[in-house]
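Here is a short set of exercises to work through with the model open in your viewer. Try each task before you read its solution.

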Amino acid sequence: MSLSLVADIGGTNTRVALARGAAVATETVTRFRNAEHDGIGDVITRYLEQTGTSDEAITGACVAMAGPVHDGVGTLTNLDWRIDKAVLADVLSAEKVAVLNDLQAQGHAIGHIAEADLQVVLPQPEVNENAAKLVIGLGTGFNACPVFDTGAGRFVPPSEAGHVSLPASIIELHPLLGELGDAMGYPSVEEALSGRGVSHLHRALHGETVEPSEILAQMGTGDAKARATCGLYVRVLGEVAGNLALSHLPFGGIYIVGGVSRAFAPYLESCGFAEAFRAKGRFSDFMENFGVSVVSDDYAALTGCANHLSHL
């Protein structure tokens, strides 16, 4: 089976691994600090040297990156690296090369994630295996993208869903909007539901600037302020996820990914995610058509890259 190289580029670190078909060889995963390298080409060169892998052995390469990708060209949101096929061609002679947004890569991983790495939040009704699915990413930013399985293969279109407006239906948000705007004063979903969004909500509610990890730690001890922040975060997440479900009709399930989603997973039920997700007026019963799971597989983006390559 052919050997591929896959990479997941975040704002701080890049992970690189080898894969055969859709299976990532997890023992080959290596993490590189982006600040120590000039670009993805430098990272790949170093990886090949460290693992003793010949460039000629690599038949395909796929890179997932944290930023918008258009026509196979992307620029990282928080890093001055340009990623495109030409950059990869400079260091690899692979015949198949692809560049994906990191959430698109997560979409290509769905169906290749172990059951043990899926925490069920809302049960998934029985449906056709080709039913549309939806991936929602909670991390440094926020994004979502649908997943379509067609006769021509899987199609995961890019999206920038984190930059739509916060929902007006959550009355508690109204007096906080002035505190939740971006640099231009625009209160987008990302300003509330990304990692920094946890801190933004806490500051807007309590006038205190606290790191997300500390807020979650305080939540675990029963701190009232932290519980209020986490409760509002989960309700906003449920409302936004429900809106996205109605937009895309993912009868095949909704998959929430990213470090923030894993941190909040223990509190989704107690903080009212299901109630907020299904609070759609006369469509509330209809929302029971959509199952929701949290993905705990930290290598899912690499798996998605490998799966995407295996079908090119």
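**Exercise 1. A charged pair**

Which residue's side chain meets that of R15 in a salt bridge at 2.8 Å, N to O? Find the partner, then place both residues in the fold.

*Solution.* Bear in mind throughout that this is a predicted model.

- Step 1: The partner is D298, whose side chain forms a salt bridge with that of R15 at 2.8 Å, N to O.
- Step 2: R15 belongs to strand β2 (residues 13-20) while D298 sits in the loop between β15 (292-295) and α10, so this pair ties together parts that are 283 residues apart in sequence.
- Step 3: Check the surroundings. R15 is buried at 9% relative accessible area, whereas D298 is partly exposed at 36%.
- Step 4: Look for a further partner of R15. D8 also forms a salt bridge with R15, with the closest N and O atoms 3.0 Å apart, and both D8 and R15 are buried.
- Step 5: Extend the search. D8, R15, R262 and D298 turn out to be linked in a network of salt bridges. The whole structure holds 12 salt bridges.

**Exercise 2. Another bridge**

Find the salt-bridge partner of E172 and say which parts of the chain the pair connects.

*Solution.*

- Step 1: The side chain of E172 meets that of R235 in a salt bridge (2.8 Å, N to O).
- Step 2: E172 is in the loop between β13 (153-155) and α4 (190-193), and R235 is in helix α7, so the bridge ties together parts 63 residues apart in sequence.
- Step 3: E172 is partly exposed, at 43% relative accessibility, and R235 is partly exposed too, at 27%.

**Exercise 3. The faces of a helix**

Which residues of helix α6 (residues 212-220) are buried, and how are they arranged around the axis?

*Solution.*

- Step 1: The buried residues are P212, I215, L216 and M219.
- Step 2: Viewed down the axis of α6, these buried residues fall within an arc of 95 degrees, so they line one face of the helix.
- Step 3: Turn to the face away from the buried side, which carries the exposed residues S213, A217 and G220.
- Step 4: Ask what covers the buried side. Its residues pack against α5 (195-206), α7 (224-248) and α8 (259-264).
- Step 5: Following α6 comes G222, with a positive phi near 90 degrees.

**Exercise 4. Cysteines without a bond**

How many disulfides does the structure hold? Test C271 and C305.

*Solution.*

- Step 1: The structure holds 0 disulfides.
- Step 2: For C271, the nearest cysteine sulfur is that of C230, 6.3 Å away.
- Step 3: For C305, the nearest cysteine sulfur is that of C62, 3.6 Å away. The cut-off for a disulfide is 2.5 Å between sulfur atoms.
- Step 4: Both sites can be checked for exposure: C271 is buried at 9% relative accessible area, and C305 is buried at 0%.

**Exercise 5. Unusual backbone angles**

What is the sign of phi at D71 and at L249, and where do these residues lie?

*Solution.*

- Step 1: Recall that most residues other than glycine have a negative phi.
- Step 2: D71 has a positive phi, near 55 degrees. This residue is in the loop between β6 (69-70) and β7 (73-75) and is exposed, at 72% relative accessibility.
- Step 3: L249 has a positive phi as well, near 50 degrees. L249 lies in the loop between α7 and β14 (254-257) and is partly exposed, at 35%.
- Step 4: Finish with the surface around L249. Together with L246 and F283, L249 forms a nonpolar surface patch of about 220 Å² accessible area.

Technical notes
Residues numbered from 1 in each chain as written. Predicted model: local features only at pLDDT ≥ 70, side-chain atom pairs only at ≥ 80, totals over all residues. Heavy atoms only, no water. Buried < 20%, exposed > 50% of the residue type's maximum accessible area, 1.4 Å probe, protein only. Helix = DSSP H or I, 4+ residues; strand = E, 2+ residues; numbered from the N terminus. Arc of directions from axis to C-beta. Contact = heavy atoms within 4.5 Å. Patch = residues over 30% accessible without salt bridge, like charges linked within 9 Å, V, L, I, M, F, W, Y side chains within 5 Å. Areas by Shrake-Rupley, 256 points an atom, 1.4 Å probe, with all protein chains shown as cover. Salt bridge = Lys/Arg side-chain N within 4 Å of Asp/Glu carboxyl O.
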